[in-house]
Amino acid sequence: MNQQTLVLVKPDGLKKSLTGNVLTRLSETKLEIVAAKIAKVSRKLAEEHYEQMKDKPFFEELVKYIRGELHERRKVMAMVYWGEEAIVKVRELAGATNPEEADPVSIRGAYGRITTRGIYENVIHTSKNAEEAEREIKLWFEPDDIILDLYPTKQVVIKDKKIRIWA
Ligand code: GDP
Ligand code: MG
């Protein structure tokens, strides 16, 4: 079954120049990239992205981490991968959440670490199931940012909305 999944190269991945390595590893899957961008992560986006973790003791650090406050890299690379069994294929390549427990040849096993402050720097995020993928893709991307129609859309006319255009 074709599926879509969100992949984020987290700020530690960007700081360590791992984008190329991550994309190369993910290309083994033969999945297609159907959306990609570099995004600045607002506090609101970070908190919404990790909303299921909000009661964890490390939530505040996690928000700082994904916003790049720990790596002087205020950005992440966000992508949507699409194709046969995309969710499990990318999760397997990513490896376990704890980078010390992850398979050493997985992305997190090869490139992740636990910092002395106890933060799991695990290089990438990837959705764990179809519901999570839908919620996350809709959070990170607008319909027109994605080259496939992944979810139903509707047309609205937004009146008096200020947007920026090229001068
Ligand atoms: P994932 O889906 O494999 O990324 O794992 P989760 O959804 O459970 O957790 C989200 C993120 O929170 C992980 O990728 C880690 O960056 C972080 N995290 C999860 N569990 C822990 C933990 O026990 N300690 C710390 N410090 N961070 C954690
Ligand atoms: Mg998760």
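Okay, so start with Asn 2: in this predicted model, Asn 2 stands opposite Glu 84 in β3. That pair belongs to a longer run, since β1 and β3 go antiparallel with eight bridges joining them. β1, residues 2-9, has another partner too. Over three bridges, β1 pairs with β6, again in the antiparallel sense. If you want a spot to click on, take Val 7, whose bridge partner in β6 is Thr 126. And how many of the eight residues of β1 are buried? Seven, so call that strand mostly covered.

Right, on to the helices. Let's take α2, residues 19-27. The buried ones there are Thr 19, Val 22, Arg 25 and Leu 26. They sit on the same side of α2, because the arc they cover around the axis is only 135°. If you want the textbook reason for that kind of spacing, an α-helix has 3.6 residues a turn, so residues three or four places apart point the same way. Now, what covers the buried residues of α2? Among the elements doing that are β1 again, β3 (76-84) and β6 (124-126), plus the helices α1 (11-15), α5 (86-94) and α6 (107-111).

Just after that helix, have a look at Thr 29, in the loop between α2 and β2. Is Thr 29 buried or exposed? It's buried, because its relative accessibility is 11% and the cut-off for buried is under 20%. The Thr 29 side chain reaches back to the backbone oxygen of Leu 26, at 2.5 Å. Leaving out neighbours within four places in sequence, Thr 29 touches Lys 89 and Leu 93.

Next one is α7, residues 130-140. At its N-terminal end there's a cap from Asn 129, with a side-chain oxygen 3.2 Å from the backbone nitrogen of Glu 131. Inside the helix, the buried set is Glu 132, Ala 133, Glu 136, Ile 137 and Trp 140. Here the arc is only 125° around the axis, so these residues are on the same side of α7. They pack against β1, β2 (32-39), α3 (43-49), β3, α5 and β6.

Also in α7 is Arg 135, and I'd like to spend a minute on that one. Arg 135 comes out as partly exposed, because its relative accessible area is 27%, and that class lies between 20% and 50%. Which residues does Arg 135 contact, leaving aside neighbours within four places in sequence? Glu 48, His 49, Glu 51 and Gln 52. Take Glu 48: it's 87 residues away from Arg 135 along the chain, yet their C-alpha atoms are separated by 9.8 Å. For polar contacts, a polar atom of the Arg 135 side chain is 3.1 Å from the backbone oxygen of His 49. The side chains of Arg 135 and Gln 52 also make a polar contact, at 3.5 Å.

Last stop, the ligand. Ligand 1 has 13 residues around it, and the closest are Arg 91, Thr 97, Arg 108, Gly 118 and Asn 122. Arg 91 puts a polar side-chain atom 2.9 Å from a ligand oxygen, and Arg 108 has a polar side-chain atom at 2.9 Å from a ligand oxygen as well. With Tyr 120 it's the backbone: one of its polar atoms is 3.4 Å from an oxygen of ligand 1. As for coverage, ligand 1 on its own has 550 Å² of accessible area, and the protein covers 79% of that.

How values were computed: Residues are numbered from 1 along each chain as its sequence is written. Chains are lettered from A and ligands numbered from 1 in the order in which they are written. This is a predicted model: local features need pLDDT of at least 70, side-chain atom pairs count only at pLDDT 80 or more; totals for chains, interfaces and linings use all residues. Side-chain values use heavy atoms; hydrogens and water are left out. Buried means under 20% relative accessible area, exposed over 50%, partly exposed in between (1.4 Å probe, protein chains only). Helices (H or I, at least four residues) and strands (E, at least two) are DSSP runs, numbered from the N terminus. The arc is that of the directions from the helix axis to the C-beta atoms. Contact means heavy atoms within 4.5 Å. Two strands pair if DSSP finds at least two bridges between them. A residue is near a molecule or strand if one of its heavy atoms lies within 4 Å of it. A polar contact is a pair of N or O atoms within 3.5 Å; within protein, one must be able to donate a hydrogen and the other to accept it, and residues adjacent in sequence count only if both atoms are side-chain atoms. Accessible areas come from the Shrake-Rupley method with a 1.4 Å probe; for residues, only the protein chains shown count as cover.
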